[in-house]
Amino acid sequence: MGTASKTRGARRGAAADPHVVELGKLMLARARRLGLAMADLLCREIDAYRDGSVVTKEEVAESCVANVTFIFDSLAGNADVDVAPAEHTGTARALAGVPLPAVMTAYRIGFRFMWEETLATARAATIPTDSILDATARVFFAQDTFTQAMATAYRQQLTTKILEREEERSALVEALLAHRITDMQSLWEAADLLRLPTSGPYVVVAAELPAIGKLGLPTIENKLSARDIRSAWRLLPDLQVGIVHLRGPETKDGMDTLVEVLRQAATARVGISPSFRELAETSDALRLARVTVTGKSSGTSLVSVFDDTPLAVAAVSAPDVMAKIKLLVLSRIDELPAEERVILLDTFQAWVDAGGSANDTAAKIFCHPNTVRHRLRRIEDLTGRSLSRPKDLAELCLALEVERRLP
């Protein structure tokens, strides 16, 4: 494990001072008793060790005995000093969830205890002062080696845990997107594991991939988290997809904040579904987000929000059927030159948005009201539908919505 399992660094330089070797042997004879005493001290001083629920006293004692033995082996001049116990400690503490600063504090307290015992033994054995100084340097080096090995193993295990947790979260997101989780208890558990609130409003965000291996929204989870917006993401073959919880008392406020962050982060087109309340609706929301990002682009912004009006929902509910309806209604308009086609459809959309007022439409698109009326009559002639008959108008509006939504 780690970068090395053996070290000879504690014995660098000239041959060991015989007084230091003598001291090391004296301490090795007491290593187990000192390790157990050190464990008692740490279990009193370190919160994570105190009640034995996170790390048992036996585990702390095992680590302390290994630590003490390592240090005194280095003083005694043993040929090879094994740091595997330190690596084991680092891995075990990371798996147990003990914060690294707490483990480092335990090492600091334990080292002080051990060195105080070593000094007392050296004085009792009348070890010369120069030899004690030599022993101090060796102990510091050995302790640094042992601590570094522990911390490296801890960080490696923590990285593995983070990657595994992210894989689990990604799989949960995919299960929600694919509608494989449906019962309420499982949905609540999924929300907890994804670190999302158990009820909405949520939205699904879908971002195009600008290139193979590149994300449309790099580091987006961190950027949203900085604005107190929780989210969970999954990379699909063609899209980067996220479930996002909208914070704040008003859905609109949360949506506005989300759009602001997405616009700053987006490197490719992004579609946002309408808001929904229950995670069971995630799959339907993904379909609407996907339609939004893959449909016809409107405006210059990379970020588009699905307009969840009845006509919009109807237009994307059955794409194959809707495409046929559009073809049936707009086939002759589709045969026109592209520029003329766009002018007619834009005029009709503006007229609908203006509530059927030719004057308001003319003001909006900067032309004469008679020009608007002429274009509308052209639409009636080409489609065989009258704007004064509600049924015909409904068909035209639906066909135009399909034209806007579907690629």
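Select arginine 263 to begin: leaving aside neighbours within four places in sequence, this residue is in contact with Ser301 and Val303. The model on screen is a predicted one. Arginine 263 belongs to helix H10. Add serine 304 to the selection and draw the distance between the two C-alpha atoms: the separation is 9.6 Å, for residues 41 places apart along the chain.

**Helix H10**

Extend the selection to residues 251-265, which make up helix H10. At 1.5 Å a residue, the 15 residues of this helix should span 21 Å, and the end C-alpha atoms are 21 Å apart, in agreement with that value. Next, colour the buried residues of H10: Gly254, Met255, Thr257, Leu258, Val259, Val261, Leu262 and Ala265. Which elements cover them? The cover includes S3, H9, strand S5 (239-245), strand S6 (270-272) and strand S7 (303-305).

**The whole chain**

Zoom out to the full protein, in which 17 helices and seven strands are assigned. Of its 407 residues, 46% count as buried. A surface representation would show about 20900 Å² exposed, with carbon and sulfur atoms supplying 54% of that area. For a contact map, consider pairs at least 6 apart in sequence: 74% of such contacts join residues at least 24 apart.

**Helix H4 and alanine 76**

Move to helix H4, residues 57-76. H4 has 20 residues and reaches 28 Å from its first C-alpha to its last, close to the 28 Å expected at 1.5 Å a residue. Is this helix enclosed or open? Because 15 of its 20 residues are buried, H4 is largely enclosed by the rest of the structure.

Within H4, select alanine 76. Its relative accessible area is 10%, so alanine 76 is buried. Display its surroundings: not counting residues up to four places away in sequence, alanine 76 touches Val21, Gly24, Lys25 and Leu28. Valine 20 is also worth labelling here, since its C-alpha atom and that of alanine 76 are separated by 7.0 Å, with their positions 56 residues apart along the chain.

**Threonine 219**

Go next to the loop between strand S3 (202-208) and helix H9 (220-225), where threonine 219 lies. Inspect the backbone torsions: threonine 219 has a positive phi of about 50 degrees although it is not a glycine. Most residues other than glycine have a negative phi.

**Helix H11**

Select residues 282-294, helix H11. The 13 residues should span 18 Å at 1.5 Å a residue, and the end C-alpha atoms are indeed 18 Å apart. Its buried residues are Thr282, Ala285, Leu286, Leu288, Ala289, Val291, Thr292 and Val293.

**The crossing of H13 and H16**

Show helix H13 (residues 319-334) together with helix H16 (residues 369-383). The two pack at an angle of about 115 degrees, and their axes are 8 Å apart. The crossing of H13 past H16 is right-handed. Which residues form the contact? On the H13 side they are Val329, Leu330, Arg332 and Ile333, which meet Ile379, Asp381, Leu382 and Thr383 of H16. By character, the residues of this contact divide into five nonpolar, one polar and two charged.

**The loops on either side of H15**

Select phenylalanine 366, in the loop between helix H15 (358-365) and H16. Phenylalanine 366 has a positive phi of about 60 degrees although it is not a glycine. Is its side of the structure buried or exposed? With a relative accessible area of 77%, phenylalanine 366 is exposed.

Then step back to glycine 356, found in the loop between helix H14 (338-353) and H15. Its relative accessible area is 37%, so glycine 356 is partly exposed. Draw a distance from glycine 356 to leucine 387: their C-alpha atoms are separated by 9.2 Å, and the two residues are 31 apart along the chain.

**Helix H17**

The last stop is aspartate 392, in helix H17 (residues 390-405). At 11% relative accessibility, under the 20% limit, aspartate 392 counts as buried. Show its contacts to finish: not counting residues up to four places away in sequence, aspartate 392 touches Arg385 and Ser386.

Notes: Residues numbered from 1 in each chain as written. Predicted model: local features only at pLDDT ≥ 70, side-chain atom pairs only at ≥ 80, totals over all residues. Heavy atoms only, no water. Helix = DSSP H or I, 4+ residues; strand = E, 2+ residues; numbered from the N terminus. Expected span 1.5 Å × (residues − 1). Buried < 20%, exposed > 50% of the residue type's maximum accessible area, 1.4 Å probe, protein only. Axes fitted to C-alpha atoms, helices over the stretch in contact; angles between N-to-C directions. Left-handed = near helix turned anticlockwise from the far one by under 90°. Contact = heavy atoms within 4.5 Å. Nonpolar A, V, L, I, M, F, W, Y, C, P; charged D, E, K, R; others polar. Areas by Shrake-Rupley, 256 points an atom, 1.4 Å probe, with all protein chains shown as cover.
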